[in-house]
Amino acid sequence: PNQPLGVGQTNVTVTPLGYEDVFLPIYNGVTALGQVDPGWSFDSSLESVHRPDRITPDPYLITANFNRPSVDQLRADTTSAGGELLDTGDLRPEVIAKAVEVTAGATTAFDKADRLRSWFTDPANGFVYSLQVPAGTSGDLLLDFLTLKQGYCEQYATAMAVMLRAVGVPARVAVGFTQGVPDASGAYLVNSHDAHAWVEVPFDGAGWVEFDPTPL
């Protein structure tokens, strides 16, 4: 982006340098895209832009609204999406029990998500970020991760999303980039070191809201 992100509607020009993929990096809250190459499609349910073939996009323009809902607004908001966003697969009962324990007393989707985010990121709970993941013995990768408390962002995001689904909150894992750092011109340079994964919950009023459980 060639300008810092502001509060409210903002225009951001993105100039890809060596990026090649079938997904076009955008922000939550996008209201319009301009100057995009032919062949891109917008998925309104996922709010993502994709194409069948990998390319390096030409520079493009994003118009987005970066207003942040307050905690009170999110507590009053609801979630109603279901289907795949509530699918947990074959989940071990120990994982379900831990999700219920961590979110006990939370009555809103926001509070359940915030409880889980805090549980992973609070140093007192012993979770650490590491690209070196120890081998577990339970026979279940998610249970091993929750027991050994060591891993990288995709594992933290996946664990939180599955645990949210286990307590009835729809969630997905989002993969993309953090904002990067500004260079001398004021443009934000985003590279592979900024690659990250986090959790998003679809609120009926606020739309997709990010929760980052990785203890960085």
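A nonpolar patch on the surface of the predicted model is formed by Tyr-129, Leu-131 and Leu-216, whose accessible area together amounts to about 360 Å². Of these residues, Tyr-129 belongs to strand β7, which spans residues 128-129. The relative accessible area of Tyr-129 is 36%, so this residue is classed as partly exposed.

Confidence in the prediction was examined along the chain. The mean pLDDT is 90, and 96% of the residues reach 70 or more. Residues 1-6 have pLDDT values under 50 throughout, and the model places 22 contacts beyond four places in sequence for this segment. Where pLDDT is low, predicted coordinates should not be read in detail.

Helix α4 comprises residues 141-148, and its buried residues are Leu-142, Leu-143, Asp-144, Phe-145 and Leu-146. These buried residues pack against helices α2 (93-102), α3 (109-121) and α5 (153-166), as well as against strand β8 (150-151). The N-terminal end of α4 is capped by Asp-140, a side-chain oxygen of which lies 3.2 Å from the backbone nitrogen of Leu-142. Leu-142 is thus both a partner in this capping arrangement and one of the buried residues of the helix. Just after α4, the backbone of Lys-149 adopts a positive phi of about 60 degrees.

Electrostatic pairing was considered next. Side chains of opposite charge can pair when their charged atoms come close. The model contains 7 salt bridges, among them the pairs described below. The side chains of Glu-94 and Arg-92 form one such bridge, with an N to O distance of 3.2 Å. Glu-94 has a relative accessible area of 37% and is therefore partly exposed. Arg-92 is likewise partly exposed, at 25% relative accessibility.

A further salt bridge joins the side chains of Arg-117 and Asp-114, at 3.0 Å from N to O. Because Arg-117 and Asp-114 are 3 residues apart in helix α3, about one helical turn separates them. An α-helix has 3.6 residues a turn, so residues three or four places apart point the same way. Both members of the pair are partly exposed, with relative accessible areas of 25% for Arg-117 and 23% for Asp-114.

The side chains of Arg-172 and Glu-200 also meet in a salt bridge, with an N to O distance of 2.7 Å. This pair links distant parts of the chain, since Arg-172 lies in strand β9 (residues 172-177) and Glu-200 in strand β12 (residues 195-203), 28 residues apart. With a relative accessibility of 13%, Arg-172 falls under the 20% limit for burial and so counts as buried. Glu-200 is also buried, at 3% relative accessibility.

Strand β12 also contains Pro-202. The relative accessibility of Pro-202 is 11%, and this residue therefore counts as buried. Its surroundings include residues remote in sequence: the C-alpha atoms of Pro-202 and Thr-79 are separated by 6.3 Å, although the two residues are 123 residues apart along the chain. When residues up to four places away in sequence are not counted, Pro-202 touches Thr-78, Thr-79, Ala-81, Leu-85, Pro-170, Ala-171, Gly-207 and Trp-208. Thr-79 is thus in contact with Pro-202. Strand β12 accordingly holds both Glu-200, a partner in the salt bridge to β9, and the buried Pro-202.

Definitions and conventions:
Residues are numbered from 1 along each chain as its sequence is written. This is a predicted model: local features need pLDDT of at least 70, side-chain atom pairs count only at pLDDT 80 or more; totals for chains, interfaces and linings use all residues. Side-chain values use heavy atoms; hydrogens and water are left out. pLDDT is the predictor's confidence in each residue, from 0 to 100. Contact means heavy atoms within 4.5 Å. Patches are made of residues with over 30% relative accessible area and no salt bridge: like charges are joined within 9 Å, nonpolar side chains (Val, Leu, Ile, Met, Phe, Trp, Tyr) within 5 Å. Accessible areas come from the Shrake-Rupley method with a 1.4 Å probe; for residues, only the protein chains shown count as cover. A salt bridge is a side-chain nitrogen of Lys or Arg within 4 Å of a carboxyl oxygen of Asp or Glu. Helices (H or I, at least four residues) and strands (E, at least two) are DSSP runs, numbered from the N terminus. Buried means under 20% relative accessible area, exposed over 50%, partly exposed in between (1.4 Å probe, protein chains only). A polar contact is a pair of N or O atoms within 3.5 Å; within protein, one must be able to donate a hydrogen and the other to accept it, and residues adjacent in sequence count only if both atoms are side-chain atoms.
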